[in-house]
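Thanks for coming, everyone. Please have a look at the structure I am about to put up, and then we will go through it together, beginning with its charged side chains.

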Amino acid sequence: MQEKLTIEDVERLNVAPGDVLLVTLPTGSTSEEFETVRNAFETKLPVRVLVKSADVQVQVVAEGEAE
């Protein structure tokens with residue numbers, strides 16, 4: 001990862017308890033980098049954090065449409 005995430009940056013986010021943050025890291029990020037980013041957010045904010053790689057694609061398919 002090229003950019004450093006500072007505590008001040010994290011604390012400035014306007015979030016509410018129970019919010020979920022989706023954080024996208026560059027392709028090639030290590031599992032240690034994923035954990036570092038997750039911990040930076042979850043230890044300073046009342047949120048749950050989902051961390052994904054930039055090359056991951058997510059779709060929602062309704063029941064019956066996946067066949």
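How many salt bridges are there here? The count comes to one salt bridge, and please keep in mind throughout that this is a predicted model. The partners are arginine 38 and glutamate 35, whose side chains meet with a nitrogen-to-oxygen distance of 3.3 Å. In general, side chains of opposite charge can pair when their charged atoms come close. Where do these two residues sit? Both belong to helix α2, which covers residues 31–42, and they are three residues apart, about one turn of the helix. Are they buried or exposed? Arginine 38 is partly exposed, because its relative accessible area is 22%, while buried would mean under 20%. Glutamate 35 is partly exposed as well, with a relative accessibility of 38%.

Let me step back to the whole chain for a moment. It has two helices and two strands, and if you read from the N terminus, the elements follow the order α-β-α-β. The chain has 67 residues, of which 22% are buried. Its accessible surface is about 5400 Å², and carbon and sulfur atoms account for 49% of that area. If you take the contacts with a separation of 6 or more, 74% of them are between residues 24 or more positions apart.

Now to the strands, where β1 and β2 pair in the parallel sense over six bridges. As one example of the pairing, threonine 24 has lysine 52, in β2, as its bridge partner. What are the two faces of β1? Its covered face carries Leu21, Val23 and Leu25, whereas Val20, Leu22 and Thr24 are on the uncovered one. As a general point, in a regular strand the side chains alternate between the two faces of the sheet.

With that in mind, let us look at the inside. The largest nonpolar core consists of 11 residues, among them Leu21, Val23, Phe34, Val37, Phe41 and Val49. Which elements supply at least two residues of this core? They are β1, α2 and β2.

I would like to compare two residues in β2, namely valine 49 and leucine 50. Valine 49 is buried, because its relative accessible area is 3%. Leaving aside neighbours within four places in sequence, valine 49 is in contact with Leu21, Val23, Arg38, Phe41 and Glu42, so this list includes the arginine that we met in the salt bridge. The C-alpha atoms of valine 49 and valine 37 are separated by 8.9 Å, and these two residues are 12 residues apart along the chain.

Leucine 50, by contrast, counts as partly exposed, because its relative accessibility is 36%. Not counting residues up to four places away in sequence, leucine 50 touches Val20, Leu21, Leu22, Val23 and Arg38. Between the C-alpha atoms of leucine 50 and leucine 21 there are 6.1 Å, although these residues are 29 residues apart along the chain.

What makes up the nonpolar surface patch? It is made by Val20, Leu22 and Leu50, and has an area of about 260 Å². Two of those names, Val20 and Leu22, should be familiar from the uncovered face of β1, and leucine 50 brings in strand β2, which covers residues 48–53.

Technical notes:
Residues are numbered from 1 along each chain as its sequence is written. This is a predicted model: local features need pLDDT of at least 70, side-chain atom pairs count only at pLDDT 80 or more; totals for chains, interfaces and linings use all residues. Side-chain values use heavy atoms; hydrogens and water are left out. A salt bridge is a side-chain nitrogen of Lys or Arg within 4 Å of a carboxyl oxygen of Asp or Glu. Helices (H or I, at least four residues) and strands (E, at least two) are DSSP runs, numbered from the N terminus. Buried means under 20% relative accessible area, exposed over 50%, partly exposed in between (1.4 Å probe, protein chains only). Patches are made of residues with over 30% relative accessible area and no salt bridge: like charges are joined within 9 Å, nonpolar side chains (Val, Leu, Ile, Met, Phe, Trp, Tyr) within 5 Å. Accessible areas come from the Shrake-Rupley method with a 1.4 Å probe; for residues, only the protein chains shown count as cover. Contact means heavy atoms within 4.5 Å. A nonpolar core is a set of buried Ala, Val, Leu, Ile, Met, Phe, Trp, Tyr and Cys residues joined through side-chain atoms within 4.5 Å. Two strands pair if DSSP finds at least two bridges between them.
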